[in-house]
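Biologist: I'd like a close look at one part of this protein: the greasy middle. Could you walk me through what sits there and how the pieces meet?

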Amino acid sequence: MIFIVVKFRTKPEWTDRWLELVRPFTEATRAEPGNRWFDWSRSVDDPHEFVLVEAFDDDAAEAHVTSAHFQEAMQTMPQALAETPRIVSQTVDQDGWNEMGELTVA
């Protein structure tokens with residue numbers, strides 16, 4: 001699967017509206033065939049930083065980045081961003097979340 005983490009820094013005036021701005025993109029992506037998850041979090045250290053954790057089946061990534069909702073998001077997001085997002089994108093040899101070996105909850 002393709003595992004992606006993206007950090008988005010918003011302009012202060014957009015921070016409280018960011019999740020609403022990206023809601024259509026989020027909902028459309030979650031409905032895509034091959035999308036495993038598409039989850040937003042907000043940094044506890046920087047209130048203007050949002051972290052997107054997403055994963056796709058190996059053969060679903062091209063359809064995602066060529067979709068109309070992806071192209072639209074690339075046009076609407078920049079107005080709210082303070083800088084270019086930072087990304088880690090890797091193909092990993094697994095197909096979901098594994099349990100953490102170092103910490104077990106009984």
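Modeller: Let's start with a term: a nonpolar core is a set of buried Ala, Val, Leu, Ile, Met, Phe, Trp, Tyr and Cys residues joined through side-chain atoms within 4.5 Å. "Buried" here means under 20% relative accessible area. Keep in mind that you're looking at a predicted model.

With that in hand, here's the main one. The largest nonpolar core has 20 residues, and Phe8, Trp18, Phe25, Trp40, Leu52 and Met77 are the ones touching the most other members. Four elements each give two or more residues to this core: the strands β1 (2–9), β2 (35–42) and β3 (49–56), plus the helix α4 (68–76). Strand β1 has the largest share, with four residues.

To place those elements, zoom out for a second. The chain has four helices and four strands, and walking along the sequence you meet them in the order β-α-α-β-β-α-α-β. Of the 106 residues, 37% count as buried. Among contacts with a separation of 6 or more, 74% are between residues 24 or more positions apart. The C-alpha atoms fill a box of roughly 45 × 35 × 20 Å along the principal axes.

Now back inside, to Trp40. Setting aside residues up to four places away in sequence, Trp40 touches Phe8, Trp18, Leu19, Val22, Thr26, Phe50, Val51 and Leu52. One name on that list, Val51, leads us elsewhere: a second, separate core of five residues includes Met1, Val51, Val53 and Ala55.

Next, the rings. The model has 10 aromatic pairs. In one of them, Phe8 and Trp40 sit 5.2 Å apart centre to centre, with 50° between their planes, which makes the pair tilted. Phe8 belongs to strand β1 and Trp40 to strand β2, so this pair links distant parts of the chain, 32 residues apart. Phe8 and Trp40 are both buried. Another tilted pair joins Trp18 and Phe50, at 6.3 Å centre to centre and 35° between the planes. Here Trp18 comes from helix α1 (residues 18–21) and Phe50 from strand β3, again 32 residues apart in the chain. Trp18 and Phe50 are buried too. Put the rings together and you get one aromatic cluster: Phe8, Trp18, Phe25, Phe38, Trp40, Phe50 and Phe70.

For contrast, have a look at Val5, which is also in strand β1. Is Val5 buried or partly exposed? Val5 has a relative accessible area of 23%, so it counts as partly exposed, since buried means under 20%. That rules Val5 out as a core member, because a nonpolar core takes buried residues. Val5 still has plenty to touch: beyond its neighbours within four places in sequence, it contacts Val51, Leu52, Val53, Arg86, Ile87 and Val88. Val51 and Val53 are names you've already met in the second core, while Leu52 is one of the best-connected members of the largest core.

Finally, step outside. The chain exposes about 7000 Å², and carbon and sulfur atoms supply 53% of that. As for charge, there are 9 positive and 20 negative side chains, and the centres of the two sets lie 10 Å apart. As a general rule, nonpolar side chains in soluble globular proteins tend to be buried together.

Note on methods:
Residues are numbered from 1 along each chain as its sequence is written. This is a predicted model: local features need pLDDT of at least 70, side-chain atom pairs count only at pLDDT 80 or more; totals for chains, interfaces and linings use all residues. Side-chain values use heavy atoms; hydrogens and water are left out. Buried means under 20% relative accessible area, exposed over 50%, partly exposed in between (1.4 Å probe, protein chains only). Contact means heavy atoms within 4.5 Å. Accessible areas come from the Shrake-Rupley method with a 1.4 Å probe; for residues, only the protein chains shown count as cover. Lys and Arg count as positive and Asp and Glu as negative; His and the chain ends are not counted. The place of a charge is taken as NZ of Lys, CZ of Arg, CG of Asp or CD of Glu. Rings of Phe, Tyr and Trp (its six-membered ring) pair if their centres lie within 6.5 Å; planes under 30 degrees apart count as stacked, over 60 as edge-to-face and the rest as tilted.
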